[in-house]
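Got your viewer open? Let's take a short walk and select things as we go.

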Number of protein chains: 2
Amino acid sequence: MSYVADHGVPTLEYLHERFADTRTRVSAAAHRTPVVTSRTLDARTGAQVFLKAENLQRMGAFKFRGAWNMISRLSRAELARGVVAYSSGNHAQAVALVARELGAPATIVMPSFAPRAKLAAVAEYGAEILHYDLLGEGRDALAVRVARERGCTLVPPFDHPDILLGQGTAAAELFEDAGALDALLVPVGGGGLLSGSALAAHWLAPTCRVIGAEPAAGDDAARSFRSGRIETVKDPQTIADGARTPSLSELTFALIRAHVADIVTVADAPLLAATRFLWERTKLLVEPTGALGVAALLSGAADLRGKRVGVVISGGNVDLEAVVAAFAS
Amino acid sequence: MSYVADHGVPTLEYLHERFADTRTRVSAAAHRTPVVTSRTLDARTGAQVFLKAENLQRMGAFKFRGAWNMISRLSRAELARGVVAYSSGNHAQAVALVARELGAPATIVMPSFAPRAKLAAVAEYGAEILHYDLLGEGRDALAVRVARERGCTLVPPFDHPDILLGQGTAAAELFEDAGALDALLVPVGGGGLLSGSALAAHWLAPTCRVIGAEPAAGDDAARSFRSGRIETVKDPQTIADGARTPSLSELTFALIRAHVADIVTVADAPLLAATRFLWERTKLLVEPTGALGVAALLSGAADLRGKRVGVVISGGNVDLEAVVAAFAS
């Protein structure tokens, strides 16, 4: 169950051509989110920072873009058979929302212990929720089985060209709206947003260094970037729940090796401080995963003083009480 | 100490001409804040809602606009003598920030029991803080005395044409960015934002009904609007700390009577629900005062189903822990 194993590595030419169509497609359905600046943030980091506020995207995260790009390409017959996804986070909400908009039934495989707010959001979008059993088959295996049995389309969270190209449209908009950037900081979990952003930079802003920002407890991508092979992490404990993914995929890793300049890591304490900073100073409600890039700047993990720096704020879906309690700890 | 007593009521022609210059002046220094939409909000209200996100304004509230418009008009000699303001809220931060940018010393008269976060923000902008004694002279009297003794300029929170015209620039931008609106909902405290917005509508969107939204516990403006004379309220207990102003001024009341369609009120419970809704669904960190317009829609106080409705989100300066605790109560 890997895109590359099934289809091979897509060529850069194919991806480039596909990206043009992706941009048209995504811009017709997604919000063009604003670019937010803060003089206080500039003063604290010594850089000129441009925040791409994907927390203001539909369903509250960039994930809408990739899901729309993939699902909107399905035929009428495929849409009628439906889509399935496994995720306890923003990808689940994105697939549920896009499926509803396009009139496709959606099945989301989620753990029964997922936060109630996330279960409720997916249910509100009209998706069927399938709980998986931790002791039985894994969630990916269950999703694959559902796809086969129901004849519906599996929408993976990152391991697909249309997903990562869709995610890359946020960076493309930022390059247009903020002008020339020296660097772009992007959160990294499974690498869909990072690889898509790196491709967008390759085509639209070739002098911009794209840098991944990862939680220290789940540093598989940073280690993979250094070792040259896919490293994994098991159930990392971090407040950045959007970046707990066990590993990159062959596809995202190949693109990240080719087009990303560096991957830095941030511990949870500076990550929470950066999250609170964004809430209080920019008035953007950002989830901790979405604050990874700003945390990398504020903590010094990425030293970009004197530079023009873009940062993708990936999302804003938080459990308010839990995050405010974590601020106090 | 009233603008009208000292200068008379300015004519509409004067205000109109002054507004053109105000727009140029304010747009050179303030953020053009984004207009945010939410399909969930549209579904809940039955209206098509356009949020003018002034919580993303510099220092976190629309107050920057009026302060900049007034202080940037001072001569070099006046700037050197400095400015003084009395406020425990966003106006204090606005005057302190604008004064620093323009190189003017600022004195802010604040109660010693003001929230520490607000005292810290004003001090961070380099202003001198003067505590007033609740048992001695009032804060207005103290500010007037400071202005006289130091020869500096008093910057009132709303009772001045340049202040309210500056505040009106947010509505002007919204009319340009959102297209034709049937109604505009605006929080009301001293009436600077409401009267400025109503003037902007009068000149730029004459078919748009401008409606004030006020906390039920501090409903002096709504009562004044109905009785035809300025009513007051004493130290109202409401979570909307930006709208605890004891009364409108002669100037703002005259403009509100002439150009505002209605003033509605919202109790604290629906106001807190609307605040939380905005945080969770639009990812905008909004202070309760800033949620008054959305609360008026969600609670049914303003029934604008089927209409295109603008809402000014006035600010986002909150004490996080206090508001989250209030959510739970």
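Start by selecting A:Leu164, A:Leu165, A:Gln167, A:Gly168, A:Ala171, A:Ala172 and A:Phe175 in helix α9(A). Now add the residues they meet in α10(A): A:Gly192, A:Leu193, A:Ser195, A:Gly196, A:Ser197, A:Leu199, A:Ala200, A:Ala201, A:Trp203 and A:Leu204. Color this contact by residue type and you'll get eleven nonpolar, six polar and no charged residues. Keep in mind that you're looking at a predicted model.

Next, show the two helices whole: residues 161-178 of chain A for α9 and residues 192-204 of chain A for α10. How do you describe a pair like this? Two packed helices are described by the angle between their axes and the distance between the axes. Here the angle is about 50 degrees and the axes are 7 Å apart. An angle of about 50 degrees is neither under 35 degrees nor in the range 65 to 115, so α9(A) and α10(A) are oblique to each other. Their crossing is right-handed.

Now jump to helix α4 of chain A, residues 63-71, and pick A:Phe64 and A:Trp68. These two are four residues apart in the helix, which means about one helical turn separates them. Over all chains there are six aromatic pairs. In the pair A:Phe64 and A:Trp68, the ring centres are 5.8 Å apart and the planes sit at 25 degrees, so the pair is stacked.

Last stop: zoom out and show chains A and B together. What rotation superposes chain A on chain B? A turn of 180 degrees does it, with 0.0 Å of shift along the axis and an RMSD of 0.0 Å. That is the relation of a two-fold axis. Both copies use the same surface, as 100% of the contact residues of chain A recur in chain B.

Methods
Residues are numbered from 1 along each chain as its sequence is written. Chains are lettered from A and ligands numbered from 1 in the order in which they are written. This is a predicted model: local features need pLDDT of at least 70, side-chain atom pairs count only at pLDDT 80 or more; totals for chains, interfaces and linings use all residues. Side-chain values use heavy atoms; hydrogens and water are left out. Axes are lines fitted to C-alpha atoms, for helices over the stretch in contact, and angles run from 0 to 180 degrees between N-to-C directions. Angles under 35 degrees count as roughly parallel, over 145 as roughly antiparallel, 65 to 115 as roughly perpendicular and the rest as oblique. A crossing is left-handed if the near helix is turned anticlockwise from the far one by less than a right angle, and right-handed if clockwise. Contact means heavy atoms within 4.5 Å. Ala, Val, Leu, Ile, Met, Phe, Trp, Tyr, Cys and Pro count as nonpolar, Asp, Glu, Lys and Arg as charged, and the others, Gly among them, as polar. Copies are superposed by least squares on the C-alpha atoms of residues with pLDDT of at least 70 in both. Rings of Phe, Tyr and Trp (its six-membered ring) pair if their centres lie within 6.5 Å; planes under 30 degrees apart count as stacked, over 60 as edge-to-face and the rest as tilted.
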